[in-house]
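Student: Please take one part of this model and go through it closely. Start with how it packs, then follow its contacts outward.

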Amino acid sequence: MSGPVRMISEAQQSYSFSRRAVLLGGIQATAGLVLAGRMTWLAVYENDKYKLLAESNRVNLTLIPPRRGWLVDRNGAPIANNRTDFRVDIIPDRLEKESKGQVLAQLRDLLKLTAEDLARIEEDLKGAAGFQPVQVAENLDWERFAAVSVRLPELPGVAPTRGFARNYPAGAAVGHLVGYVGAATAEQFKASKDPLLVTPGFKLGKDGLEKMLEGPLRGKAGAKRVEVTARGKLVRELATRPDEPGQTIRLTIDAGLQEFAARRLGNESGSCTVFDVTNGNILAMVSMPAYDPNALSDGISRSEWKMLSQDDHLPLMNKTLQGLYPPGSTFKPATALAILGAGVDPSRVIYCNGGYQLGNRRFGCLGRHGPMTMHTAIARSCNTYFYTLGREIGIEPIAAAARKLGFGAEFELPLPSQRYGTIPDTAWKMRRYKQDWTQADTLNAAIGQGYVLVSPFQLALSAARVASGRELLPSLLAGKRKPASRLAFPEEHLAIVRSGMDEVVNGHGTAGASKLQLDGIRMGGKTGTAQVRRIMDRNRGQGGDWKYRDHGLFVCFAPVDNPRYAASVVIEHGMGGARAAAPVAKDVLTFLFDKQKALDTLAVLENGWGGDIRARMATRDAAFRAAQGLPAAKPTPGASPLPQPTPSATATPMPAATPTATPTPAASPSPQGPDE
């Protein structure tokens, strides 16, 4: 049964329709307000963001690597600068598919590209953006660069460009000092996300000063803006923002002295460090053999790296700061200052009968010197004198005096991997070996053997402090500095030690053959011979396999009456300071007072060695490549030959030094000092 039919009046229908209309109208109004608000937000408040995104769809930025700042010496001469780098790139968008093969074939012939080069270019082209350049070759000579430039109508997509590459005029002579530059690693890019690191042509410091001074040397990148289509097709080039070069940094180094010292080391494995004793400035810091930073900065092959890494003279190691050696008798000035500080009369006589007896062990001397005072003991390097008085005062004063001269310390220098060696005492031995200090340990330490280890850099600094009487702090960066304070030694004690070192060279001492041949200028010094192992055979470190021969060391200063320069020379496995190290120091100091005289001597020596550093390195490289069945190496761009002096009629020939070996671990304490 159906219910009653409900009748809806016209008024009710009108009311229902009006309510729905209002509801729908409200929804539409709300939606309109939301849309209007969103549009207002996008158009007004986020206008810059979307404008930038829209611009990026149309304009792309290509970074221009900044020119690195120069490293110059104390006189403004360049040590590391920039040379013009001729390179050839391909712009993928401009390279037509049908002509790609022909273009690459022409580039192969013009630039002498290898199959490996072509494979790399093909791979880079596959993953490159349309406007992003792909490197074909860099460090081109002018002839090859010009050959490509004049054929551009036949080479669509090819773009010859001129940039800048790092250049080290002195080559290997400054290798360990300045380091080198290279492309950033994947890890470096992941850490910083800096797009500059993956920009073609950009390189950053990898070692030495280049690495430690990366910030001020880098500069700021420039940018080239290009207009492209949505698919990346190049439309036109827009404005270019130039790069800002890095800072020029002035060093305390004397570039001429640095080169001379490196060349004078010849075929030896060793180091030479020179100080200005008036202010602590480092004038030269040389470690040889060394790598050519020009070659490493341009990228070397596996075979070249193999040659460097397998060389037993360790050309990749900075021996000046990282090499540690027993100082031998070059440590005796420190022991002498400790003896004087303990109140011992310098005129006290100690009789040398050829050694010192401690219990059932005999500690040998260099000879039977007879009666010795401090002056004659320093001059003739009498071990017996220092054994006797070293045992009398004990190790603590000796260690304290050594530390005052700079041994066992690390200094604030813009160079990586500095090693500070060992100045042992009773607490050190207990901490290191859990053993008590013995009197035998004191005897060994008193003559710079046993546990004592120092770097060539510290040896030079100790000579500079003895010469100046001041607590000099070493510096590599030029600039005004506060005067150094006086050393905590009485001036009369320092004068006694300096007088003994004067006698070493200019009297009846161990280095009389290295006396400076300069009117009115005397050099004071101290020879040293350091064992590399216990004396176990008849050669006693003075023959046999060179890697078992003793090291030769020499520290010096000049002029004696008013010191201006101090230096150290260490010749690895040179068998003696007098025979190997002192002649090098003599010529290096001669260069500071009479350059031509020193260059005349060097010319004779290099003639016997087979040329200068670059010539000898090229000979070794050619021999290595021939032994490995490899083709000849390409010449290193940008490297200019070092000046070749013409020998004068007065130049005195000197015997060529014997090549020496790599650093070996310090010998364990030995009861006998080696010959000097």
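**Helix H14 and its neighbours**

Tutor: H14 and H21 cross in a right-handed way (the near helix is turned clockwise from the far one by less than a right angle). The model is predicted, so local features need pLDDT of at least 70, side-chain atom pairs count only at pLDDT 80 or more, and totals for chains, interfaces and linings use all residues. Numbering runs from 1 along each chain as its sequence is written, and side-chain values use heavy atoms, without hydrogens and water.

H21 spans residues 491–506. Its axis lies 10 Å from that of H14, at an angle of about 145° (axes are lines fitted to C-alpha atoms over the stretch in contact; angles run from 0 to 180 degrees between N-to-C directions). Helices here are DSSP runs of H or I, at least four residues; strands are runs of E, at least two.

Now the contacts (heavy atoms within 4.5 Å). H14 brings Pro333, Ala336, Leu337, Leu340 and Gly341. H21 meets them with His493, Leu494, Ile496, Val497 and Met501.

H14, residues 332–341, also helps cover the buried residues of H19. The cover there includes strands S14 (355–358) and S15 (361–364). Helices H16 (383–393), H17 (395–404) and H18 (426–433) are also among the covering elements.

H19 itself runs from 439 to 446. Seven of its eight residues are buried (under 20% relative accessible area, 1.4 Å probe, protein chains only). They are Ala440, Asp441, Thr442, Leu443, Asn444, Ala445 and Ala446. Just past H19, glycine 448 adopts a positive phi of about 75°.

Terms used. Buried < 20%, exposed > 50% of the residue type's maximum accessible area, 1.4 Å probe, protein only.
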